[in-house]
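Let's take a look at a ligand and the protein around it. Here is the structure to keep open while you read.

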Amino acid sequence: MIMPSRPSRRSAIAALSVGICSLGLSHSLLARAAVTEVKVGVILPLTGDKATFGQESLNGLKLALDKAGKDAPQLKIQVEDTQGTPAGSAAAVNKLISTDRVAVIIGEVASSNTIAASTAAQSAKIPLVTHASTNDSITLGKDFISRICFVDSFQGAVMAKFALNNLKAKTAAILVDSDSDYSRGLRDSFKQTFVAAGGVIKDELVISYSQKDRDFKTQLMKVRKATPDVVFIPGYYTQVGAILRQAKELKLNTKFLGTDGWDSPDLFKIAGAAAAGHYVSSHFASDDTDPRVQEFVREYKVRNKENPGAMAALGYDAGFFMRAAIKKAGSSEPSKIRDAIASMKNFDGITGTITIDKNRNAVKPAVIVTTTEKEFKFLTRVNP
Ligand code: PHE
């Protein structure tokens with residue numbers, strides 16, 4: 001369907017406002033009444049090696065929008081597959097802005113993709129909210145870009161402190177995905193916190209791999225030789241699953257620590273028995289006993305026949321958050337929606353309470369989960 005162009009909508013509102021004001025209603029009330037429907041672009045990796053992220057996000061988002069029902073504002077979503085690449089993400093944003101004329105965009109997931117997408121959105125002055133990209137640089141210097149998740153300077157520090165204090169680790173190795181801004185940022189934040197507290201990470205134990213790699217034995221042999229107390233892998237499930245499996249084949253019995261990029265049902269399919277016994281930071285755990293989490297889990301399972309991961313929960317929160325922001329803006333104008341997003345406070349999500357700070361990041365807790373062969377299990381919540 002085609003949305004009315006912005007000027008025609010505005011003149012319709014102006015015409016209406018003469019009538020309503022003569023009835024004594026205020027402009028702000030009128031503005032609120034005026035947003036009935038807003039076109040929202042959604043960019044997700046629906047195919048490629050991060051496809052579960054896109055699928056889960058979309059399942060969660062659709063559940064939220066259906067649950068919100070018929071009340072205004074209605075969010076008309078236009079979904080584009082980025083194929084999980086920076087180029088695909090930039091192309092998706094450009095299409096949504098110039099062809100579909102969306103007022104606001106939700107996505108992407110992987111930080112490098114969101115960085116590419118946000119450059120395009122910022123220059124067109126169309127607000128973009130990422131539900132999942134955690135690299136610190138994403139919102140910096142881009143006033144139309146915001147996020148509803150925590151940042152990696154927090155996530156990396158959470159896992160470094162967990163290694164030091166809970167696992168009593170003194171030495172660590174890091175396996176870094178050299179194709180990912182996300183992974184490089186987490187390498188730095190983990191290392192900084194771990195070393196500042198007296199932990200040791202030798203330079204030769206900060207080891208790179210590529211998203212194109214299938215064989216990680218060279219990297220793992222270096223780790224096996226050095227026997228660090230823990231190995232931190234800030235990566236995505238496709239590579240991490242293979243790394244865990246190959247580590248077990250090499251009889252490397254180290255504890256692995258991971259981050260939100262592990263949070264996929266496919267991690268367990270790829271790693272099998274080697275998935276068990278590790279610690280991972282994330283945004284959500286499906287066995288969290290919070291009643292609102294459990295309500296979401298039940299509803300999600302009925303529709304999708306599987307347990308929701310963090311991505312599904314973030315997609316769900318993104319739907320309700322965006323709806324609340326547009327309602328607050330009382331307008332379908334991108335700059336008004338941008339201002340409303342930037343000033344959202346105490347939004348009660350299932351991934352935590354979301355308050356957008358001055359850098360347009362959400363300050364909220366992380367969860368740490370452990371892994372079995374089949375699933376993630378809630379361990380603890382860490383406040384910022
Ligand atoms: N935080 C990851 C990134 O920035 C994306 C992600 C979020 C993956 C949540 C899984 C779950 O690249």
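## Who's around the ligand

Sorted by class, the ligand's shell comes out as eight nonpolar residues, five polar ones and one charged. Keep in mind that this is a predicted model. In total, 14 residues surround the ligand, and the closest of them are S111, A132, T134, Y236 and D260.

Where do those shell residues come from? Domain 1 (35-150 + 290-364) and domain 2 (153-282) both contribute to the shell, so the ligand lies between them.

## Polar contacts

Two side chains reach ligand oxygen atoms. S111 puts a polar side-chain atom 2.5 Å from an oxygen atom of the ligand, and a polar side-chain atom of Y236 also lies 2.5 Å from an oxygen atom of the ligand.

With A132 it's the backbone that counts: one of its N or O atoms lies 2.9 Å from a nitrogen atom of the ligand. And how much of the ligand does the protein bury? On its own the ligand would expose 330 Å², and the protein buries 100% of that.

## The cavity

Rolling a probe the size of a water molecule over the atoms shows where empty space is left. Here the count comes to two cavities of 30 Å³ or more. The ligand sits in the largest cavity, which holds about 120 Å³ of space.

Which residues line that cavity? There are 16 of them, with V109, A132, D260, G261 and M311 lying nearest its centre. A132 and D260 are also listed among the residues closest to the ligand.

Methods: Residues numbered from 1 in each chain as written. Predicted model: local features only at pLDDT ≥ 70, side-chain atom pairs only at ≥ 80, totals over all residues. Heavy atoms only, no water. Near = heavy atom within 4 Å. Polar contact = N/O pair within 3.5 Å; in protein donor to acceptor, adjacent residues only side chain to side chain. Areas by Shrake-Rupley, 256 points an atom, 1.4 Å probe, with all protein chains shown as cover. 1 Å grid on protein atoms, 1.4 Å probe; cavity = no way out; pocket = protein on both sides within 12 Å on 5 of 7 lines; lining within 4 Å. Sits in = over half its atoms within 2 Å of the grid points. Nonpolar A, V, L, I, M, F, W, Y, C, P; charged D, E, K, R; others polar. Domains from an automatic or database assignment. Points joined across faces, edges and corners; volume = space filled by probe spheres on them.
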